[in-house]
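Here are my notes on the model, set out as numbered points. Please read them with the structure open.

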Amino acid sequence: ASFALGFSLANAAFSPSRSPINLNHGLKARACLPRKDRLAQMVTDDKFLPSKQFGLQPPDLTLLAPAKINLFLRILGRREDGFHELASLFQTVSLFDTLDFWSSPADDSQPLYSMEVTDSSLCADLIPTDESNLVMKALHAFSERTSSKQRLHCRLHKEIPAEGGLGGGSSDAATALHAANRLAGFPLSEDELIKLAADLGSDVGFFLSGGTAYCTGRGELVDFRKPLEPCTIYLIKPKVGCSTPAVYGALGLEKGQQLSGLDPEALLKEFEEGSIYKATFINDLEPPAFQVVPLLREIKEDLEKLGFPAVMMSGSGSTIFCIGSPGADAPNNWQEELVAKYDVDIFEQASCSRLNNANLWYAEQPAETS
């Protein structure tokens, strides 16, 4: 079977295909340089980027790893094992990392898996390429589970900001699991991959869904849901990040303690049976996150004044997202004003989904046959 990358939504097309990364492929990509300098560098650099290990040899597989937001996030309590019990509706968003994969025959003298990071990745110098990276952990877990001797090398091009509540690392890990499984001929089912993903991190299994899922437990129990109505989503990411342990620490729940609030099943029904523009958006981690990073409250309040149908923080922060378009009274230059005031990055994106086909990944379509 052959497949083609070619996802189109809101007049945006993504088609990395099987050739080396073109540094112009995404104007939102940047390293830890001033944004205008990063963009200027990318616009003037039209060269293909060779792999540090494979040179100009094309990758065997190129996949896109989407970001996510939490349309609602209820923290139900803290379990005796120390984990927090949650109920959340997850949704993928069209802000992508790019992962290239090269496969090689078994060779006992070489490591089974390795990775590199593009120099133009967001904060490239801060991304580890050893066993501490979730991509490497995912490749290791797959190898252990299947006893596969196939050697895999991954090149990561990072565009999803870290410590933003957008799940970039988890998405990369899920993408690596799918890639390893696909290049090995799909020895594991989707359910088996999800179980494998649960051991890697609470959010990893979600990305193996179709892009919309109701997640419970500590996030590893994934209930696939039908795609919601498509919508524009603005992601506003301040320079400061949010430490997930710090946010949960500020929440302050003791083991065995419950947190009262709205029924998550009722919230889910609002999103699925009504309009996303009229549903109830709630995130129980907003108050503690605003305590840890007070600037986030100010940014959210300013965004709410613009008249968006919904404004909320994603996950444990620090990204604030807006659903739909600003109100009629919002100034045309609201983005420039927000950047000038808070030095934030703004990504105008959209909800996205994966085809109901376990052999395909996000942004992929079956290849046309003549």
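1. In which sense do strand E10 (residues 232-238) and E13 pair, and over how many bridges? The pairing is antiparallel, and it spans 7 bridges. One position to check is lysine 237, which stands opposite aspartate 345 in E13. Bear in mind throughout that this is a predicted model.

2. The sheet around this pair is open. It has 4 strands, in the order E11-E12-E10-E13, with antiparallel pairing. Strand E11 (310-313) and strand E13 (344-350) are the edges. Each has a single partner strand, so one side of each lacks a neighbour in the sheet. On average, neighbouring strands of this sheet are turned by 20 degrees against each other, direction ignored.

3. Two helices deserve a look here. Helix H8 (residues 295-304) lies across E10, E11, strand E12 (320-323) and E13. H8 runs at about 170 degrees to E11. Helix H9 (residues 334-342) also packs on the sheet, where it touches E10 and E13. The direction of H9 makes about 145 degrees with that of E13.

4. Now turn to strand E7 (residues 151-157). Of its 7 residues, 7 are buried, so E7 is largely enclosed by the rest of the structure. Arg151, His153, Arg155 and His157 point one way from the strand. Leu152, Cys154 and Leu156 point the other way. Note that the arginines and histidines named here are buried, as are the leucines and the cysteine.

5. What pairs with E7, and in which sense? Strand E5 (residues 84-104) joins E7 through 7 bridges, and these two run antiparallel. Threonine 98 has histidine 157 in E7 as its bridge partner. Strand E6 (residues 113-117) pairs with E7 in the parallel sense, over 5 bridges. There, serine 114 has histidine 153 in E7 as its bridge partner.

6. The connection from E6 to E7 should be inspected. The chain crosses through helix H2 (residues 134-146), and this β-α-β crossover is left-handed.

7. H2 also packs against helix H3 (residues 168-183). Their axes are 8 Å apart, at an angle of about 30 degrees. The crossing of H2 past H3 is right-handed. On the H2 side, the contact involves Leu134, Val135, Ala138, Leu139 and Phe142. Residues they meet in H3 include Gly169, Ser170, Asp172, Ala173 and Leu177. By class, the contact residues divide into 9 nonpolar, 3 polar and 1 charged.

Note on methods: Residues numbered from 1 in each chain as written. Predicted model: local features only at pLDDT ≥ 70, side-chain atom pairs only at ≥ 80, totals over all residues. Heavy atoms only, no water. Pairing = 2+ DSSP bridges. Axes fitted to C-alpha atoms, helices over the stretch in contact; angles between N-to-C directions. Contact = heavy atoms within 4.5 Å. Buried < 20%, exposed > 50% of the residue type's maximum accessible area, 1.4 Å probe, protein only. Right-handed = clockwise from strand over helix to strand, strands pointing away. Left-handed = near helix turned anticlockwise from the far one by under 90°. Nonpolar A, V, L, I, M, F, W, Y, C, P; charged D, E, K, R; others polar.
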